[in-house]
Amino acid sequence: MTAIEEATPIQHVSPRRRLTDLVVRVLVYLAFAIAVVPLVAVLWMVISNGLARFDIEFLTHSMRNIGARDAGGGAYHAILGTLEQVALSSLISVPIGLLTAIYLVEYGRGTRLARSISFFVDVMTGVPSVVAGLFILAFWILALGMPFSGFAGALALSILMMPTVVRAAEEMLRLVPADLREAAYALGVPKWRTILKVVLPTALTGIVTGVMLAIARVAGETAPLLLTVFFTDSINEDPFNGPQMGLPLYVFDQAARPTDTAIDRAWAGALTLILIVMLLNLAARLIAWWRSPARSR
Amino acid sequence: MTAPTSTRAGGPAASRSAPGRTRGEGAFRYLATGAGILVLVIMAAIAVFLVVEAVPALRANEGDFLTEVIWDPNGSHTFGIAALAFGTVLSSLLALVMAVPVAVGVALFISHYAPRRLAAALGYVIDLLAAVPSVVYGLWGIVFLVPFITGPEGFLNEYFGWIPLFAGESVAGRSMFTASVILAVMILPIIAAISREVFLQVPKSHEEAALALGATRWEMIRMAVLPFGRPGVISAAMLGLGRAMGETIAVALILPATFGISFQILTAQGNSIAANIANGFGEATPIGRGALIASGLVLFAITMVMNMAARLVVARRKEYSGAGA
Amino acid sequence: MSKQITVSGLDAYYGSHKAIEDVSMTIEPRSVTAFIGPSGCGKSTFLRTLNRMHEVIPGARVEGKVLLDGVDLYGSGVEPVSVRRSIGMVFQRPNPFPTMSIYENVAAGLRLNRRMPRSQTDEVVEESLRGANLWNEVKDRLNKPGAGLSGGQQQRLCIARAIAVKPQVLLMDEPCSALDPISTLAIEDLITKLKQEYTIVIVTHNMQQAARISDRTAFFNLAAQGQPGKVIEMDVTTRMFTSPSEKATEDYITGRFG
């Protein structure tokens, strides 16, 4: 047996190398297992614990007149608040973000201004959400003397949303082939109409995907709301006047209360929040997926 | 020189004389430029207003803001960032130490070990998990992790107590260790997602060069994948570190909000800048608010330095690969 | 150092697509064997089956036998890793490791197998770079990145890296297609020199190149797009280029298609 092996022209891989390869393989699989266990555990606990209070009352009632130890109550005021705040922040950040991206791609290319804007968009991406909240607190509420309100929260959220929108839109606009623009120019279409009628529609689905992912991200932010929207247990439909509630804030508030009924409400709130965020994510990905075969055709 | 600039920057409308068209072009152009400048204005405003609102509180401070450990702006007007900044940096670094090796493993699993179909699906799952709001992790932490973790903590304390980090009289669920674990779980998906992207970008030709030399899979990864991906992984780790430092709610729910500087991560102590803002904001006096804003300014500065460092690493890598191409 | 390769009845697939069909041939030691044929005829695929690089691509597989001095490369118990160690490969585009210096590039394969003292590594690196006709050009900048060299130098660096592990066979997949004529000439001179020691198999699009450097030539072709590629004819190069026995070979060589 050994004689045959000696005669063979192919040397075998040494046991040490084979062992190293195996050890690394095991470690990589293990890393994956270690990562997936807590992540899946979080989701599982949210679903299993959240279903206990995820009912009609929860979705249609506020926390008004519900004491700390009382059962019942709901998150209607928080859901309403979150939807209003996120809608307002999208209304603020999407036009600004989109226009900034258009400037960066179509007008400012290579200029000093574009480079510094691009740099600060990146810096803005890294602004901690609590700092965005503090800024609106310092600027809007303390310096300008405006009240705590859903709108103040929307302002803070739009600071977090803006850089994400800029980056997503920028990437998509860059993917639009130059030929398309030149074809429009050759027909005598002015540049701004080319951008509005040719470039933007081409990049639209990609931009929508990016915007939805950005919305999903800010919908779950708690810290900025804490500093700008404050708390309330009642329904406040007017985002421009007086404290509101937000769903993440609701979860934080209930989780910090030491009773089981409050913790149950916190789980149900977390489930609602995750459902909203995941639906936004899935919708964004469906749009992206639906677009991709069309693009390759 | 003139011809290419005019088509690129001005477009054909610039040379057209019809006044309506030029006006539309001009207006749109100013609108886009204005939006871009607004971004700069906002960034400047963040710095300016945080400073403006922090200064009165800093003036009223009886202690040294940078070195004072106590945080009592509402009562004795004595507060300092030392304990909070220490807690922020320590918990984030610990989270990074735990998250990076696992995240790199996950990224390698998806890019080079898992079967291709499975890998695409797992990539989606990781992306979705990155979107789970932090308050949900906080809730999970306080309900499940805080009671559960005293077991592993007790083990570390008993057998590795000779390491200063794991020393202490008694272990507690609400500890820096628990906060770090939560932070690690939270930043893991983002680090894994970015690392996976760079690992997938490794040119096939480099991988084949290694394999053709008779490298095993691990040797190929060590030779071609890791050196190529290293700057990407480093910048991903820095981004993760920035996120961990700014993370507020999950940490606020878990840490016991004590003030002090101690490396005993298993004991019932710990705080962070962001958690202190969330916990202290409700009862803050005007001086208290100013003090919290001052601490936010410090957090802003630290995370900005982290992000710029991450950008520098990426930029240097671009130069390197530019020379190679 | 140099071995004979015998291939019999070899089919290669990408998933369900059959890329080459029923290839049988003998590749002689200490000689240069060239594969020519139109694009997409499977000659590169076939080359990659010779050191089991083909199966790196997901879904790719092989049926048939490849014997290296009588040992079946696809036999049970033979690992692809050890096959590739014995049969080196040079690719179409020069692919030195971008993060490594010239020295480290050449030593990359050596370091996989056993730790050797620095002086011995130095020796092998010098020997390999000399073998690849590159030593004089790079001896003063061994610690500079390999990516800083010109395309032709990079390709010779890749050849040095491949011969540093002392393989039995050297496979070259269109090694000059990305190079200028002067670099091409340098590589061709090198190939002629290397065949004293190695069994060399080269895929080329350039028929003059095949005529200049190879001892034997195999012509690959496929019946139609989507059909598997086959060996139409294999013969001593001089005979192949002067009096091919197949009409298709003659048409291809005289430039009537491909």
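**Contacts between and within the chains**

Modeller: In this predicted model, 79 residues of chain B are in contact with 82 residues of chain A. Contact means heavy atoms within 4.5 Å. Local features need pLDDT of at least 70, side-chain atom pairs count only at pLDDT 80 or more, and totals for chains, interfaces and linings use all residues. Residues are numbered from 1 along each chain as its sequence is written, chains are lettered from A in the order in which they are written, and side-chain values use heavy atoms, without hydrogens and water.

Colleague: What area do chain B and chain A bury between them?

Modeller: About 7500 Å², with 81% of it on carbon and sulfur atoms. Buried area is the accessible area (1.4 Å probe) that two parts lose on being put together, summed over both. F28(B), L139(B) and F281(B) supply 9% of the area that chain B buries against chain A, more than any other three residues.

Colleague: What makes R17(A) and E219(B) a salt bridge?

Modeller: The test is a side-chain nitrogen of Lys or Arg within 4 Å of a carboxyl oxygen of Asp or Glu. Here the N to O distance is 2.7 Å, so the pair qualifies. The count between chain B and chain A is 2 salt bridges.

Colleague: And which side chains meet in a salt bridge between chain C and chain B?

Modeller: E208(B) and R48(C), at 2.7 Å, N to O. The count for that pair of chains is 1 salt bridge. Chain C and chain B bury about 1900 Å², and carbon and sulfur atoms give 68% of that.

Colleague: Why are α2(A) and α5(B) called roughly perpendicular?

Modeller: Helix α2 (residues 15-50) of chain A and helix α5 (residues 134-160) of chain B pack at about 85 degrees, with their axes 10 Å apart. Roughly perpendicular covers 65 to 115 degrees, so α2(A) and α5(B) fit the term.

Colleague: What is the class make-up of the contact of α2(A) with α5(B)?

Modeller: The residues divide into 11 nonpolar, no polar and no charged. Nonpolar takes in Ala, Val, Leu, Ile, Met, Phe, Trp, Tyr, Cys and Pro; Asp, Glu, Lys and Arg are charged; the others, Gly among them, are polar.

Colleague: How do you know that α3(C) and α4(C) are roughly perpendicular?

Modeller: Helix α3 (residues 102-113) of chain C and helix α4 (residues 118-131) of chain C pack at about 115 degrees, with axes 10 Å apart. The range runs from 65 to 115, and α3(C) and α4(C) are therefore given that name. Their contact has 7 nonpolar, 2 polar and 3 charged residues.

Notes
Axes are lines fitted to C-alpha atoms, for helices over the stretch in contact, and angles run from 0 to 180 degrees between N-to-C directions. Helices (H or I, at least four residues) and strands (E, at least two) are DSSP runs, numbered from the N terminus. Angles under 35 degrees count as roughly parallel, over 145 as roughly antiparallel, 65 to 115 as roughly perpendicular and the rest as oblique.
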